[in-house]
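Me: I've got a structure open in front of me and I'd like a close look at one part of it. Could you pick a strand and walk me through what sits around it?

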Amino acid sequence: MSPRETLRAFIVDTFFVDDFGDDDSFLRKGLIDSTGMMELVAFIETEFHIKLDDKELVPENLDSLSRVVAFVTRKQSLSKAS
Amino acid sequence: MSHGLPSVAETAQAVRSGIQVVRAEVLPRAERAVGIARARWLFRAFRRGQGVAAYGPVSARNDGHAELGDRLTFLGGMMPTSVACYEGARLLVGNECHFNYGVSLEAWESVQIGARCMFASFVRVSDRDGQRIAPIIIEDDVWVAHGAILLPGVRIGARSVVSAGSIVSQDVPPDSLAMGNPARSMSLDLVAREATGS
């Protein structure tokens, strides 16, 4: 599965939400609450073997599926490069 | 309408409105007066500002330099609140802070709390954990939720929130939400509805 599909499956299974767009804001659409966001962060760290810094937990990186996918891809390429 | 004695209905109405005035106006003021008098007695060894009120039992001890700001509230509940400032220590609490019951506040070296902070029930703040002593700084407008523990040496940034049951061992930046054990911080814009960013 691509990162997008993996993340979408996780969000659908964990937060019992369905039918949300790739660019829908998790916060504004009420899809994920604060505890859920921590779950998502923990999932990203274990699933994609990357370590997220607390400074990176901002809306620009994590507030929609497309942002999360872009962020994860960027982090993965960075960790491969180093 | 007769001009004689008031009817039963009128009397009942007058009594009801009288009770309402007592409930809405008199009792809260009386409670506040009692709270302020109690705080004056409990915190007699502290330097304190105007309008500090204790609505329940507080065990207060000051052997160092403890200063309380104006208009603090210590709520009552099923456990007493405890505020202790030991010898040579400094404990500063800013204006308009609220403390729910069961909060434990201990200063062995230095604990500083900003203005308008809220501490929920059973929060523990101590700058000594048995291994080390390091000062704690809590900036303005911080909310620490139920049962959270702040370990020595942490600094909580302004307007941040520490979620219930968290154990904070590292600094929390301003405008963040700290969660977990050990607590991790995320931007409040990511999870708060009033967020203005993005």
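Here is a walk that starts at one strand and then moves outwards.

Reply: Before anything else, keep in mind that this is a predicted model. Let's take strand 6 of chain B, which covers residues 81-85.

Is this strand enclosed or not? Of its 5 residues, 4 are buried, so strand 6 of chain B is largely enclosed by the rest of the structure. A residue counts as buried here if 20 or more other C-beta atoms lie within 10 Å of its own.

Now for the neighbours. Strands of a sheet pair through backbone hydrogen bonds, and they can do this in a parallel or an antiparallel way. Strand 3 of chain B, residues 58-62, is joined to strand 6 of chain B by 5 bridges, and the two run parallel. You can follow some of these pairs in the viewer: Ala60(B) has Val83(B) as its bridge partner in strand 6, and Asn62(B) is partnered there with Cys85(B).

Strand 6 of chain B also pairs with strand 9 of chain B, residues 104-107, through 4 bridges, and again the run is parallel. Look at Cys85(B) once more: its bridge partner in strand 9 of chain B is Ala107(B). So Cys85(B) is a handy residue to click on, as it has Asn62(B) as a bridge partner and Ala107(B) as another.

Let's zoom out to the sheet. How many strands does it have, and in what order? It is an open sheet of 6 strands in chain B, with the order 3-6-9-12-15-18 and parallel pairing. Strand 3 and strand 18 (167-168) of chain B stand at the edges with a single partner strand each, so one side of each has no neighbour in the sheet.

One more step out brings us to chain B itself, which has 2 helices and 20 strands. Its radius of gyration is 22 Å, well over the 16 Å that the globule rule gives for 198 residues, so chain B is more spread out than a compact globule. Taken along the principal axes, the C-alpha atoms of chain B fill a box of roughly 80 × 50 × 25 Å. Buried residues make up 37% of its 198 residues. If you take contacts in chain B between residues at least 6 apart in sequence, 24% of them join residues at least 24 apart.

Chain A makes a nice contrast. Chain A has 4 helices and 0 strands, with the pattern α-α-α-α along the sequence. Its radius of gyration is 12 Å, close to the 12 Å that the globule rule gives for 82 residues, so chain A is as compact as a globular protein of that length. The C-alpha trace of chain A spans about 35 × 30 × 20 Å along its principal axes. In chain A, 22% of the 82 residues count as buried. Among its contacts between residues at least 6 apart in sequence, 60% join residues at least 24 apart. From the record, an unreviewed UniProt entry, comes the annotation "domain: Carrier" for residues 1-76 of chain A.

For a single residue in chain A, try Ile32(A), in the loop between helix 1 (3-15) and helix 2 of chain A. Why does it count as buried? Ile32(A) has 22 C-beta neighbours inside 10 Å. Setting aside neighbours within four places in sequence, Ile32(A) is in contact with Phe15(A), Phe26(A), Met37(A) and Leu40(A).

Met37(A) turns up again in the largest nonpolar core, which has 69 residues. Met37(A) is among the members that touch the most other members, and so are Val123(B), Ala148(B) and Val168(B). The largest share of this core, 4 residues, comes from helix 2 (residues 34-48) of chain A. As for Ala148(B), if you don't count residues up to four places away in sequence, the residues it touches include Val123(B), Val162(B) and Val168(B).

Finally, where do the two chains meet? The contact takes 15 residues from chain B and 12 residues from chain A. On the chain B side, strand 19 (176-179), strand 20 (184-187) and helix 2 (188-191) each give two or more residues. Strand 20 of chain B gives the most, with 4 residues. That side of chain B divides into 6 nonpolar, 6 polar and 3 charged residues.

How values were computed:
Residues numbered from 1 in each chain as written. Chains lettered and ligands numbered in written order. Predicted model: local features only at pLDDT ≥ 70, side-chain atom pairs only at ≥ 80, totals over all residues. Contact = placed C-beta atoms within 7 Å. Nonpolar A, V, L, I, M, F, W, Y, C, P; charged D, E, K, R; others polar. Rg over C-alpha atoms; globule rule 2.2 N^0.38 Å. Buried ≥ 20, exposed ≤ 12 C-beta atoms within 10 Å, placed from the backbone. Pairing = 2+ DSSP bridges. UniProt positions renumbered as here; feature names shortened; annotations may be inferred. Core = buried A, V, L, I, M, F, W, Y, C linked by C-beta atoms within 7 Å.
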